[in-house]
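Welcome! Below are some short exercises, each with a worked solution to follow at your own pace. Please take a look at the sequence and the structure before you start.

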Amino acid sequence: APDVPVIDQAYSKLSNSITVEWRAVPGATNYMLTAEDGESFIETIVKSSPGTVTGLKPATLYRITVRSINSGGKSQPSPFRKVKTVLAAPILSVHSPSCDSIAVSWKAVHMAAGFSVSLMRSDGLGRMLKQNTTNTSLIFTNLDPGTLYTIKAYAWNANGMPGDDFTYNQRTSPNAPVDVKVAFHSGALRAIVSWMPTEGALTYSVTVFSGLLKLRCNTSSASCVVPSLQCGSEYYVSVTAYNDAGSSEPTDAVSLKTVPCAPVNILIEEDEPGHLLVSWSSVSLGHYYVVFVKSDDGLEVHCNTSYTQCHFQSDCGFTYFISVFAYNKAGQSPLGDVFNYTTAPCCPSDFRAVFMSSDTVRVTWAPVRGADLYETRAAGGSGVVLCRDTATACTLSALQCSTPYNITVYSFSEARGSNTSCAPQYVATAPCSPEIKNISKEGLSVISVQWQPNNEEATYVVTARGEAGLWHCTSTRNSCTLMDLPCGSAFSVSAIARSPAGQSLPSYSIPLETAPCCPNDLILAQVTQSVTNISWSVGRGAQTYITTLESPKGQAKCHTLQTFCLLGCITCGTNYTVSLRAISETGLTSSCTYQGYSSSACCPSGVKLYRLSNNGIRVFWRASDETMNYNADLHGSKGNFSCTPSSGLSHCDITKIPCGDVYTVVVAPVTDKGPKLTFCPKKIYSVTCSGSSVGMVISRGKSNVKHI
């Protein structure tokens with residue numbers, strides 16, 4: 001084992017530890033420090049000197065020994081040293097009782113003979129304050145408000161040995177804010193309170209009180225808005241600053257007088273025509289009053305007075321809107337009740353009567369200010385007709401046509417009654433409606449209309465109205481004639497009567513229909529030798545058509561809804577007369593004639609082919625008309641050939657026709673009108689090559705192909 005170490009010194013700087021210094025022992029790898037107080041002991045292993053034993057009791061005497069250690073074991077304990085641990089630190093309780101003081105207190109410390117407490121601004125400014133005492137509390141005064149201070153305290157024993165220290169940071173409470181200002185917003189009944197920021201203040205509280213009413217506003221800024229103030233009141237405003245140390249003293253109260261309340265008990269009287277008297281009750285804090293009178297045409301006047309009444313001029317038929325405001329240095333009172341006063345309405349002007357029909361008149365007039373209701377009275381004929389309405393127009397119906405009336409318009413208001421001194425207007429109603437008695441056709445497009453005259457000094461107008469347009473005729477008697485009415489058209493015929501008083505209602509309408517129009521274009525085309533297609537343009541007003549082709553040999557007829565028709569049983573080479581009947585939906589008929597029509601010449605029969613000795617072909621047929629010329633056409637894959645015989649012959653020859661081909665043969669009459677006929681029958685022949693192109697005709701049965 002290593003040698004026994006020797007302790008040079010042992011001391012305590014903290015209340016829970018002792019530090020030991022010794023001389024190094026050769027060969028020692030570790031050291032064991034032991035502290036004993038008679039009740040317990042604590043051991044600590046360290047590498048070298050110095051070493052510290054921790055976990056000790058404050059102000060306690062310990063025996064300290066050291067042993068050296070290596071792989072061979074432990075040495076004997078060194079000679080002990082007696083060392084006492086220093087005192088424990090006092091635990092501080094700190095607060096700021098005012099903005100310039102900090103109070104410090106603590107509990108007694110075991111074995112302490114006295115205490116030392118120091119205070120200094122945490123930002124390092126200023127000097128340090130230090131007090132020694134044997135008490136357990138003290139107060140630092142004359143400090144800076146709202147400032148953070150650092151406080152350090154420790155205890156010492158009877159020998160003056162200091163113990164552990166304790167550090168605490170404490171802020172002084174803030175000073176009261178200064179330069180408090182109050183701005184009142186009269187429109188919103190709120191106050192804006194502002195002040196100079198206070199050092200160290202974190203928040204502010206504004207107190208606004210009036211009697212038992214108290215309002216508060218808390219903020220971290222240097223201003224605050226206090227809403228919901230009452231008009232006609234005097235408030236007192238104070239501000240208190242706060243931080244984590246506490247609050248300042250409240251500022252001296254600042255007086256705030258709000259705007260006066262709106263005047264009440266407002267009375268409006270028309271003491272004499274054309275003059276209004278407005279009066280009201282006085283209000284608290286009101287210095288003077290302004291009365292605004294605005295008429296319904298937008299014109300506004302006002303009266304400024306320190307009394308409680310005002311006089312204004314007024315006109316008839318006006319509605320006046322009256323409001324009264326009170327004022328003081330804080331501003332204008334809130335808007336109170338707005339009163340309206342309507343003077344007696346004036347008589348309606350710009351009177352106009354417009355007849356809507358023979359028994360209905362629409363009366364209009366310029367609006368009257370202040371009138372809530374109008375009454376229109378029409379006297380004449382067999383009685384009186386009344387109309388009441390809030391509009392500036394009235395329609396009087398069920399009047400007698402062609403009758404004079406006395407019409408008067410009275411104005412009413414709920415507040416002031418009616419004005420019954422308005423003058424009447426004399427008007428006459430429009431003529432009575434005529435009654436059509438008869439409509440007769442005097443020609444293809446001429447219509448005569450007759451009616452029963454029932455007015456004096458009236459002009460009658462007859463109108464035929466349809467999709468084709470309007471046709472009129474005029475007369476002061478009991479009939480007139482409508483000219484040039486178009487075919488295929490439907491009309492509604494009515495009549496009206498006119499006079500200086502106006503125009504009557506139209507009579508009951510009488511329907512009128514003209515015969516349908518003949519088609520402008522008609523085209524005939526022969527489809528086959530016995531069938532002809534006939535087509536035509538649309539005839540206005542026609543629903544169906546009957547077309548007829550007629551000759552001494554017979555007649556072909558077709559009845560259709562279409563604009564075309566196929567007519568069969570047509571005889572070839574015959575002249576026909578062409579006629580068409582257009583029929584309307586109601587059965588009116590128009591007969592139309594057109595240029596005659598000749599059917600095409602008849603096709604020949606008995607068409608045959610014969611081989612000629614010179615590689616030619618002879619086409620033979622039986623002519624239907626010996627005066628007609630014919631043409632023969634042969635069409636094959638090796639070429640097309642045709643021949644036309646001399647007049648009167650019924651055959652023609654084609655030379656040098658190639659053999660070994662199938663030919664389609666058509667023989668048709670030739671006319672000097674129109675194209676070649678295409679509906680004559682076709683026959684197919686096969687021209688074979690046999691020897692030196694000489695062969696014979698062979699029939700191929702059902703295919704109707706013949707071989708030559």
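A disulfide is a pair of cysteine sulfur atoms within 2.5 Å. The model is predicted, so local features need pLDDT of at least 70 and side-chain atom pairs count only at pLDDT 80 or more, while totals for chains, interfaces and linings use all residues. Residues are numbered from 1 along each chain as its sequence is written, and side-chain values use heavy atoms, with hydrogens and water left out.

**Exercise 1.** Find how many disulfides the whole structure holds, then describe the link of Cys316 and Cys346.

*Solution.* Step one: a search of the whole structure gives 15 disulfides. Step two: the sulfur atoms of Cys316 and Cys346 are 2.0 Å apart, and the two residues form a disulfide. Step three: the angle about the S-S bond is 90 degrees, and this link is right-handed. Step four: the pair connects distant parts of the chain, 30 residues apart, with Cys316 in the loop between strands S28 (309–313) and S29 and Cys346 in the loop between strands S31 (339–342) and S32 (352–357). Strands here are DSSP runs of E, at least two residues long, and helices are runs of H or I, at least four, numbered from the N terminus.

**Exercise 2.** Decide whether Cys558 and Cys565 are buried or exposed, and work out the handedness of their disulfide.

*Solution.* Begin with the terms: buried means under 20% relative accessible area, exposed over 50%, and partly exposed in between (1.4 Å probe, protein chains only). Cys558 and Cys565 are both buried. Their disulfide has an S to S distance of 1.6 Å. The torsion about that S-S bond is about 105 degrees, so the disulfide is right-handed.

**Exercise 3.** Work out why Cys569 has no bond to Cys565.

*Solution.* Recall that a disulfide is a covalent bond between the sulfur atoms of two cysteines. The closest cysteine sulfur to that of Cys569 belongs to Cys565, but because it is 12 Å away, it is too far for a bond. As for its surroundings, Cys569 counts as exposed, at 76% relative accessibility.

**Exercise 4.** Compare the burial of Cys659 with that of Cys689.

*Solution.* First, the two cysteines form a disulfide, with sulfur atoms 1.7 Å apart. Next, the link is right-handed, with 100 degrees about the S-S bond. Finally, Cys659 is buried, with a relative accessible area of 17%, whereas Cys689 counts as partly exposed at 47%.
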